Amino acid sequence: MCLLQKYLCKMLALQTWIVQALFIFLTTESIGELIDPCGRITPESAVVQLGSNFTAVCVLKENCMDYFHVNADYIFWKTNHAPVPNKQYTVINRTASSVTFTDMPLLNVQLTCNVRTFGQIDQNVYGIRIISGLPPEKPKNLSCIINEGKKMMCQATEKFADCKTKRGTPTSCTVDYSPVYFVNIEVWVEAENALGKVTSDHINFDPVDKVKPNPPHNLSVTNSEELSSILKLTWINSSVQGFIRLKYSIQYRTKDTATWSEIPSEDTASTRTSFTVQDLKPFTEYVFRIRCMKEDGKGYWSDWSKEASGITYEDRPSKAPSFWYKIEPSHSRAYRSVQLMWKTLPLFEANGKILDYEVTLTRWKSHLQNFIVNDTKLQVNLTNDRYIATLTARNLVGKSDASVLTIPPYGFQATHPIKDLKAFPKDNMLWVEWTAPNESVNKYVLEWCVLSDKSPCIPDWQQEDGIVHHTYLRGNLAESKCYLITVTPVYADGPGSPESIKAYLKQAPPSKGPTVRTKKVGKNEAVLEWDQLPVDVQNGFIRNYTIFYRTIIGNETAVNVDSSHTEYTLSSLTSDTLYMVRMAAYTDEGGKDGPEFTFTTPKFAQGEIEAIVVPVCLAFLLTTLLGVLIKKHIWPNVPDPSKSHIAQWSPHTPLRHNFNSKDHMYSDGNFTDVSVVEIEANEKKPFPEDLKSLDLFKKEKISTEGHSSGIGGSSCMSSSRPSISSSDENDSAQNTSSTVQYSTVVHSGYRHQVPSVQVFSRSESTQPLLDSEERLEELQLADSGGILPKQQYFKQNCSQHETSPDISHFERSKQVSVNEDLVRLKQQQISDPIPQSCGSGEMKMFQEVSAADRFGPGTEGQVGRFEAVGMEAVIDEEMPKSYLPQTVRQGGYVPQ
């Protein structure tokens, strides 16, 4: 063994820095000249081990002490400009003072000696820097490496301050030594500083055992047409193989994976330039890399070579394609439209490029049908019979195994579904689990699609072996989408009953909240309703709803509602109050609020107003009816005679009768319901029947006098003013139901002339006529004379045609002298012109009767004269003599 080289590396270079005095004292003898300081600190170079004690002494010069009148008692110490406590001072003599530090904690300290001159000025005398540290540690894990074609490099766990360090490796030291192989060398490291020196362990080695070869280069990969499972690697070794033997490490992987596989080390433990990798998958691309080192394992592995790739040769498909079918709606009952579909084989199962697919259809106990398809689906029309379908995939080398599928006949009832179907997300995949049925299953078909309100459910599917009970969906699944997953077991005679479940790969809060509205609003409650959120905005399973409602000034109240409900009733509300409502929907990942909605509760409940108004109205109606009945039967209406029109007649201003239609006398209209009765006296003596009728009338008149209201003769006879008769027939019927009540309205003639006839008018008074108004003596006078005078009358209903002559007349007679009658009739005929017609029918007014007509044939000439002026005399010998009720408008009376 020989000592090749020895290196002493200092780990820490400690230096002493002498701080010059900050203030230089000048003596009077040498003003303007630079002299020595007035004192010094011992030791001037202080290197102290960290944690040890240290003492420094400051000594003043005599000339400075005498000039400034100071001594050692005036000395004080500072570290890094901070005063040191006085307890650490020690005055040695008149010129020297020391300071002691125990357990030095700082690595770099500035220490100064100071004096106070003239009792107030602090002056710096001298200063030093104290460096504290530790002795160097012993270097460990010393190692050396020789890269092929480069110098040796050694490294340890300690830093080598004086060595040439490799960039990025401060603990490495490159030795300026060209290695000589097969010769041992000894290497160690010495570390030294001001506090000590230490040496590492010595290592002794042959440089050839520390060699790191260069990696193999020009790596290439080739396949073999004979065998589809092998690839051959070739490379070129580094130049080090000229004096040492090598071994290799070969790794490989498929192109779409990141995990490397390694060839067993015993297969590559000798020097070579090629290697054949076996047991590879057909028609698969592989990536390779290689490295090498000294065969006996001494030294270092080289770096990895550059990667190289190659594809194995094709082989027949190793697996049958996944095969499934779907029956589509058909318009024909004799045929079914069936879509056969299959999955493309992955490369590691296809073992080559698939050229085409062969489909065979066999109807039960019938011939075959073959189809060559380049697609992954086939549409066929099949009868309602049972079919057996087979599918094979073909590549350049051969065909795959056949995939068999049974298409059941029409009306086939599927049974035996799977049990306990579950779906859940895990490791960013959507897993499906189920319990197998008791029957033997050939395979399982999993179908899934995205549920959406905007687009149809387009299914994707995959096939699993009959022994698989859980798997994950091998498709491009999206987050926040609802998937409908269906699992169908497939038996030898056909598919079983499918089972479905909904699942999410990853849930999220809803995109929008539900919109709430009122269905019914009551006084103290409100029925809210909402629609289920569309599946496109749910983004997960809706677990619950929360209703938030409040008034303008009130606190918000929250109510949780089950997700299956779409209606909720808010109770205990305040009437006539505005409420603000919003609703939130929650999934497993959070919730989303919907828009705010307002409604106002009514002041009264439904039916409450009717319950108040209806009884009040009924009570009012009953009270009114009761009052009317009480007034009618208990307190009858007794009119005031003083308010009768009879009482308002004036004898001094009798109203003139003017029946000219062109000269209206009344402000409120024409006459209505006027009757004229004309009665002529019979030339013969009255028959006894006539006298009897008069006697009956007298008796009736006498019997009705007892019902008079007590209006005296003066009240009726004192006024010639006409009364107002009511045109209401109902009132007339009520007031005259028992007796016909009339009053005499004209006693004296126009302008104190005596009228030829007595005129009566209907009174509005409900009182019976007074005795004086009846003028019974006139009836007696007429009866004694034996002749009934001819009367004048008005015809009722002048606006209508007279249809029936059987009209009851009430007549009253009055006997006057012949001369007086003639004079009066002439005067009245001149003063009162008579119209010839009223409406469509003629009304005979004031038929004048001569004295001869009244009392005998001696007046025949006069009668003829009256007829010449257009007056018609009517003699009714058969008509009984009676009163005629008259209806008169306001302001007039009717002469009788």
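Here is a quick look at two buried residues and one surface patch in a predicted model.

## Leu430

Let's start with Leu430, which sits in strand β35, the run covering residues 429-435. Its relative accessible area comes out at 0%, so Leu430 counts as buried, the cut-off for that label being under 20%.

Which residues does Leu430 touch, once those up to four places away in sequence are set aside? Phe424 and Pro425 are on the list, along with Thr471, Tyr472, Leu473 and Leu477. Tyr483 and Ile485 are there too, and so are Ala503, Tyr504 and Leu505. Take Tyr504: this residue is 74 residues from Leu430 along the chain, yet the two C-alpha atoms are separated by 7.6 Å.

## Ser97

Next up is Ser97, part of strand β9 (residues 96-101). Ser97 has 1% relative accessibility, so this one is buried as well.

What does the side chain of Ser97 reach? That would be the backbone oxygen of Thr90, at 3.5 Å. Thr90 also turns up among the contacts of Ser97 beyond four places in sequence, next to Val91 and Ile92. The rest of that set is Ala56, Val57, Cys58, Ala72, Ile75 and Trp77.

## The nonpolar patch

Now for the surface. Phe604, Ile609, Ile612, Val613 and Val616 make up a nonpolar patch of about 440 Å².

Ile609, one of the patch members, belongs to helix α4, which spans residues 608-633. Is Ile609 buried or partly exposed? With 45% relative accessibility, Ile609 is partly exposed, because that label covers values between the 20% limit for buried and the 50% limit for exposed.

Definitions and conventions. Residues are numbered from 1 along each chain as its sequence is written. This is a predicted model: local features need pLDDT of at least 70, side-chain atom pairs count only at pLDDT 80 or more; totals for chains, interfaces and linings use all residues. Side-chain values use heavy atoms; hydrogens and water are left out. Helices (H or I, at least four residues) and strands (E, at least two) are DSSP runs, numbered from the N terminus. Buried means under 20% relative accessible area, exposed over 50%, partly exposed in between (1.4 Å probe, protein chains only). Contact means heavy atoms within 4.5 Å. Patches are made of residues with over 30% relative accessible area and no salt bridge: like charges are joined within 9 Å, nonpolar side chains (Val, Leu, Ile, Met, Phe, Trp, Tyr) within 5 Å. Accessible areas come from the Shrake-Rupley method with a 1.4 Å probe; for residues, only the protein chains shown count as cover. A salt bridge is a side-chain nitrogen of Lys or Arg within 4 Å of a carboxyl oxygen of Asp or Glu. A polar contact is a pair of N or O atoms within 3.5 Å; within protein, one must be able to donate a hydrogen and the other to accept it, and residues adjacent in sequence count only if both atoms are side-chain atoms.
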